[in-house]
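Here are a few short exercises to help you find your way around. Try each task on your own before you read its solution.

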Amino acid sequence: MPSTEVYVPCRSFDNLSHVPRGVLPRSTMVAVTEKKAEKKPVKGKEDSKKLPAVPESVLKHRKRRDALRTRRIQVTLKRRSAAIKKKQQIFKRAEQYVKEYRIRERDEIRLARQARNRGNYYVPGEAKLAFVIRIRGINQVSPKVRKVLQLFRLRQINNGVFVRLNKATINMLRIAEPYITWGYPNLKSVRELIYKRGFAKVKGQRLPITSNKTIEEKLGKSNIICIEDLIHEIFTVGENFKYASNFLWPFKLNNPTGGWRKKTIHYVDGGDFGNREDKINELLRRMV
Amino acid sequence: MSLSIARPLVSVYSEKSEVVAGSSIALPFVFKAPIRPDLVNDVHVSMSKNSRQPYCVSKEAGHQTSAESWGTGRAVARIPRVRGGGTHRSGQGAFGNMCRGGRMFAPTKPWRRWHRRVNLRQRRAAAAAAVAAAGVPALVQARGHIIEKIPELPLVVSDKVQEITKTKQAVIFLRRIKAWSDVLKVYKSQRLRAGKGKMRNRRRVQRKGPLIIYYKDQGLTRAFRNIPGVDLLKVDKLNLLKLAPGGHVGRFIIWTQSAFERLDALFGSWKTPSKEKKNFNLPQPKMANTDLTRLLKSEEIRKVLRAPNKRVIRSTRKLNPLTNSKAMLRLNPFSAVLRRKAVLDQQRKNNQRALALAEKRGIKLSPKDPAVRAEKIRERRQKLLKLAAAKKTKKPAAKKTAPPPPKKKAAKEAKAKTPAPKK
């Protein structure tokens, strides 16, 4: 027994797998010296032939790390090229929309002029899109009106939503008339609302629209991949208007600078509530 | 691990602490039983209640008066008061726990449940765990025993120890075996108890020393019993209160050879149930492999895990794209084109206006004036474009579809080029 005098032979150290981990103290006795002494002569033969061996776990770790790194690089390259392609796509779409809006506007003017030339009358189509703002507060609201406002997602004063106009919704707006003001927003209103006050409903959270990724992840299925797509869908009340407008959290608007006229009577009578058709744009300039 | 255990050989030491050659015993299976400090603690708590003596206050304490409340109207509290007169005691409050000389709240009763029964299974499992823990030097040290210099753990000594009759010899044996430092520690720890135990026949306190487990007492008990801290235990009657004093596993145990050999018969192995204990087999460990680090880093588990998500997502501040151009570009890259066009259109308008004003007022602008310059560039460009368009239309004259696109392209180029070089 050469070196095994002092601190050593507690041999039952070897197989401690049955000892629960919390039981062992951190500083354990050194039984390893004996083991090392035994191992040295065995390895010494191998040592003289090869270089000092790297433990297998280190080799595995290195291999794993390198594999991960190469994969990560590939993934980033792919992602980058995809992002570039997407950006080009978005650019083209935005360009196309600018053209479309211009054509639309000029069309209306052209048709009106044409009709006037011939002594005829041009009746523009009824509005398809409305922007509804809740004017009055929470208290003392009758149940029918309350329900309608809930359905429109107007749960707070000065909340606004985009609404598609059809017989059903027009009647709903009529029920809630004293509590809302609404009208037909123009392109500038829509853009301002979505750019400045646009928040997305993601997983039940109200997240700002800071990049097109949020939009694409949610509305990719409806072929809306960027904010311009969203604006286009809303403004031209497309097929996926429902998804686009539901994606948007109800707009939280400011009180109008310059103030209201009189919230308690209809716009037509000199007040504020009810349908004010395209005068809503002027109000929105003051509220957004 | 319970199925395939390496059982190291434990060498036996003579009473002079030399290895007895040729006699080494395979480690009994008990020492591989799962060590359950929680179980041992629970069983110890219950077991140590079993040697209690009941205490209580006297049954009549506080009630040996005929006190009655004076009722209301006498400007005193309504507590029952002692009747009669002529002594301090008269009129004093009685019976209540708040009264001096009254009975205490909830007087302690002798029929309190003093003892606890422990399930046999649990008792046996705890004993197995305590024995197993005594084979781990780390645990024994953690419990506080001085075992630096002992030859081996578990420490097995030849049966000659059982024949020791004189305490002097016992001490010599302990010294030779290097267990004396543990006993010394006991000596050093002898002190008076803190508290009222002093006057209740529990005056002195000391820590526990080594535990000697034997098979046959041939004078061993009487030799060792006067050494402070040393406990003796028969293998057939292992006592958890001695194996794990205080509920803490890892007592320093010195086994005699025959005692050590008995352990296999007493506790059995997982394959064979115990011979002595009916219906008993060593408890199964909850985890076969308790090396958590190894497990977590193993390939099998790593493969099934998803990649770690080390990205910290913080909420981004919303910048208004209508005023912040970078934010706008991020959302709508075409906005750059629109903005640029607006800038250039404005410039062109300014130049045209300047020229028109100059004409109207009859002022001649210097050729270095930017409006004049821009106009010249524009005219030159238009001339070049017309030439280029003419050349293009001449060549693919056969094809019908060719001419229109070049014209459109030329028109577009004219539009694009005239604003471009102005800056």
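**Exercise 1. Find out what covers the buried residues of H8(B).**

Start with the cover: S1, strand S2 (19-26), H2, strand S5 (155-157), S8 and S10 of chain B are among the elements over the buried residues of H8(B). Helices (H or I, at least four residues) and strands (E, at least two) are DSSP runs, numbered from the N terminus. This is a predicted model, where local features need pLDDT of at least 70, side-chain atom pairs count only at pLDDT 80 or more, and totals for chains, interfaces and linings use all residues. Residues are numbered from 1 along each chain as its sequence is written, chains are lettered from A and ligands numbered from 1 in the order in which they are written, and side-chain values use heavy atoms, with hydrogens and water left out.

Next, look at the helix itself. Nine of the 11 residues of H8(B) are buried, so the rest of the structure largely encloses it. Buried means under 20% relative accessible area, exposed over 50%, partly exposed in between (1.4 Å probe, protein chains only). Among the buried ones are B:Gln257, B:Phe260, B:Arg262 and B:Phe267.

Finally, step off the end: just after H8(B), B:Gly268 has a positive phi of about 75°.

**Exercise 2. Work out which helix gives the most to the largest nonpolar core.**

First, pin down the term: a nonpolar core is a set of buried Ala, Val, Leu, Ile, Met, Phe, Trp, Tyr and Cys residues joined through side-chain atoms within 4.5 Å. The largest one holds 46 residues, and B:Trp255, B:Phe260 and B:Phe267 are among those touching the most other members. Suppliers of at least two residues each include helix H1 (37-48), helix H2 (120-133) and helix H8 (257-267) of chain B. The top giver is H2(B), with nine residues.

Now zoom in on B:Phe267. Leaving aside neighbours within four places in sequence, B:Phe267 is in contact (heavy atoms within 4.5 Å) with residues including B:Val30, B:Arg124, B:Ala127 and B:Leu282.

There's also a second, separate core of 34 residues, and A:Phe131 and A:Val202 are among its members.

**Exercise 3. Decide whether A:Asn159 is buried or exposed.**

Find A:Asn159 in strand S2 (residues 159-164) of chain A. Its relative accessibility is 5%, so A:Asn159 counts as buried. Then check who's around: beyond four places in sequence, the contacts of A:Asn159 include A:Val132, A:Arg153, A:Pro250 and A:Phe251.
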